[in-house]
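Could you walk me through how to read a few features in a structure like this one?

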Amino acid sequence: MAEEVKKQRTPPDPNSAKYKLGKIAADAYKDAIAAKERGEKVAWVSSNFPVEIPETMGIATVYPENQAAGIAARGAGTRMCEEAEADGYSNDICAYARISMAYAKLKSCPEQDVAMPDVLLCCNNICNCMIKWYENLSRDLSVPLIMLDIPFNPDDEVSDAQVAYVKGQFLDAIKRLEDITGKKWSDEKFQEVMENSCRTSRAWLAATAMARYTPSPFNGFDLLNHMAVMVTARGKPEAAEAMETLLKEYQENHETGKSTFRAEEKYRIMFEGIACWPWLRVTSTGLKGRGINMVTTIYADAFGFDYDSFDNMIRAYCKVPNAINLETARDKRVKLCKDNSVEGLLVHTNRSCKLWSGFMPEMSRQIGAECGIPVVSFDGDQADPRNFSEAQYDTRVQGLAEIMDSRKGGKTA
Amino acid sequence: MHFAGIDVGSTTSKCVLVQDGEMIGSALVDMGIGTAGPERAYSEALAAAGAVPEDVACCVATGYGRSSWKGADQTISELTAHGLGNHFLFPDARTVIDIGGQDAKVIELDANGRMANFVMNDKCAAGTGRFLEVMANVLRIPIGELEVLAAQAEQAAPISSTCTVFAESEVISQLASGTPVPDVVAGICASVASRVAALAKRVGIKEQVCMSGGVAQNGGVRRALEQTLGVPIAWSSQAQLAGALGAALHACHKSH
C-alpha cells in the first residue's frame, strides 16, 4: 500500500504583507492578554470607535466584533449563539452581540480567547444594536461604559454643530479614560498616531483601488482577512508599513500579470455586506469556481480614514458608511462599481444586521439601475451559521454568472 | 439527434427530450433529489420518445439536485432553465413567475428571451410549493384539490402570517371557528400570491407575464396573483416541465 504523501505547506514569507498583517492581528490579542497580566487596564472597543484615542493613550484593546467573526469563522458560531439564546437573548439579535454576550458569561472560547475588559468603548455610528449590547456587557461584567453618540446623518455634509457635539464627547471620553486607566493623553503622541492612521489608510485605500485593473491583482476575499488590521491597529506604525507592503505586492502583481485570485477572472463583481464568516470558504469557492472575482466591497473601504486634524478626524467618524444617508451611501458604491468595472452585484442579506440589510433592497436596486448591472441577493449571517443554505446560495450565484455570461455573448441563455 | 434536459427538484423529477426544436418525449416522476426519481424520469422520457440513451447527444441538468445527476454533460441554474423553457412556450413572455417546491422566483427576460434579472424568495418557506403542501396536509385534502375548492370560495379568509408554522395555526383557528373550507383554501392561495407578488414587484412587472413550475397548475394561486398584480397570467399545461424543457433547449443551443 502506498504511503500517504502529505502536501507540505510553504512556510509564510516573513516579509510578505500576509505574514505581517496576520502577525499584527494575532499580536493585538496577545498584547491585550499580556497587558492584563501586568495589571494594566484593557478596553473592549466597537469597530468604528476612534481607535486613535486608546492608541494615543497606550491602552490595550480588544474588538469584540473581530473576536466574534474569528469564533464564527472557526466553527463555534452555533455553540456560542445557542449559549446566549439559552440565557434569553433572541436569535433575531446580531450574532456578534450574541457571541460576545456568551463570551462575557463563559470567559472562555478556545476558538478565540481574549483579555477581559476593565472599560468599554462604544460608538453607535455603525449601528444602534451596539448600544444595548455594550450596556449589557457593562452590567454583566460590572465595568464602566464610555459611549460616543454619533447620530445618523441625513445631510450630505457634516455640520460644524455636529462636530462640536461629537468633539465634546471625545474630550469627555479622554478625561474619563485618564481617570479609569491612570494613563495620560498626549497631543504629541496623538499627532504621531494620526499620521500612522492616515498613512495606513492611504496605503489600504490605494491597495483596494488596484482592483481597477483587469484582471485584478488580488482576490477580493483577501481584503476581508486583511481588514482586521484596519479595524484594530491602523494607528500603529507597523500597520502602516504592512499596508504599504500590501500595496507594493499588488502593484508588482499588476506589473507581472499575477493575481492572488487563483483562477481565470471571467467576471468581476461587488460584494455588499459583511462577510458570511461561518461559510467563508463556501461563499468564496462558489464564486471562484465560476471565475467570479469579488473585486470590491464598501465593507473594506469603510475602515480607511484619511484626515489632517482633530476636527477632521471627527468628521471622518461622522461619515462612516452606516451613518450616512442613502443617496451618499449609494453614490460611494456606484463609484466603486464604475471605477472597478464591476459587472454584477452580490448582496449578502445578513440576518444579523437589520440596519444594513434593511436599506439594501432599495439601495441595490438603485445601484443596479445606475450601473446597468444585475443584482442578486442571498440570505446569510455574519456569524450565525444557521441562517445560510449552500444550495440556495449556489443557485443564485450560478444565475448571476449566467446573466453576466449572456451579456458577454455566451451561450448560457 | 436528441437533446435531453432533466430538472431534479426537491419533490419531483422531470425530463424532456427535444429534436429539431420540438418536444418528442417527457416524463414527470413524483420523487426528487436523493431518490430513484431522476433516473426514472430520464428512462421514461426516453421511452416516451422511442429513444435509447445513445440517441442523446447532450444532456443538461437543472434544479436543486442538478449537481447530483451524474448523467449530465453540463448544469444550468433553474433560473436560466425556466427562462428558456418559458420563452419557448410563450415567445412574448418578459416576466416568468416560477413557484417550485422550496423556492419562488421571478425572472425578467429581455426581448430575446435572455434572463436579464431575477429575484428569489428569502429563507422563509411561505410563498413556495412547500407552503401549499403543508396547508393541504392540515386540511387533509390532496394538493390538486386546492384549485377546485378555491373556486368555490365566497370570500377568502385572511391568512396573514408570513411564517408557514404561524399560518398553519391560523388555518386551524379558521377551521375551528367555522370558516368554510373553500374560503380557507382561497385565503391560502391569496397568501402565496401576496408573497410572490412582492417579489415580482421588486423585479418590475413586464407583460407578458407567465407562470412556470408545479404551482402554475393551481388556478387558485394563478387567479389570486392576477388580482394582486393586475395583469393576466399565461400558463401552459406543461408548466411543470418548463425547467426540464429549458435545460433540453440549452443542450441543443450549446451543441450548435
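What follows is a short dialogue on aromatic pairs, burial, helix packing and contacts.

Q: Before we start, what kind of model is this, and how are things numbered?
A: This is a predicted model, where local features need pLDDT of at least 70, side-chain atom pairs count only at pLDDT 80 or more, and totals for chains, interfaces and linings use all residues. Residues are numbered from 1 along each chain as its sequence is written, chains are lettered from A and ligands numbered from 1 in the order in which they are written, and side-chain values use heavy atoms, with hydrogens and water left out.

Q: How many aromatic pairs are there over all chains?
A: Rings of Phe, Tyr and Trp (its six-membered ring) pair if their centres lie within 6.5 Å; planes under 30 degrees apart are stacked, over 60 edge-to-face, and the rest tilted. Here the count is 16. Take A:Trp185 and A:Phe310: their ring centres are 6.4 Å apart and the planes stand at 85°, so this pair is edge-to-face.

Q: Which residues form a stacked pair?
A: Look at A:Phe305 and A:Tyr317, with ring centres 4.5 Å apart and planes at 20°, so they count as stacked. Other ring pairs join A:Phe221, A:Phe271, A:Trp279, A:Phe378, A:Phe388 and A:Tyr393 into a cluster.

Q: Are A:Phe305 and A:Tyr317 buried or exposed?
A: Buried means under 20% relative accessible area, exposed over 50%, and partly exposed in between (1.4 Å probe, protein chains only). A:Phe305 is buried at 3%, and A:Tyr317 is buried at 0%. A:Trp185 and A:Phe310 are buried too.

Q: At what angle do α8(A) and α10(A) pack?
A: Helices are DSSP runs (H or I, at least four residues), numbered from the N terminus. Axes are lines fitted to C-alpha atoms, for helices over the stretch in contact, and angles run from 0 to 180 degrees between N-to-C directions. α8(A) and α10(A), residues 237-256, pack at about 20°, with axes 8 Å apart. That makes them roughly parallel (angles under 35 degrees).

Q: Which residues are in contact with B:Val184, leaving aside its neighbours within four places in sequence?
A: Contact means heavy atoms within 4.5 Å. B:Val184 touches B:Leu139, B:Ala157, B:Val171, B:Gln174, B:Leu175 and B:Thr179. B:Val184 lies in helix α6 (residues 181-203) of chain B and is buried, with a relative accessible area of 0%. B:Leu139 is 45 residues from B:Val184 in sequence, and the two are 9.3 Å apart in space, C-alpha to C-alpha.

Definitions and conventions. Helix = DSSP H or I, 4+ residues; strand = E, 2+ residues; numbered from the N terminus. Parallel < 35°, antiparallel > 145°, perpendicular 65-115°, else oblique.
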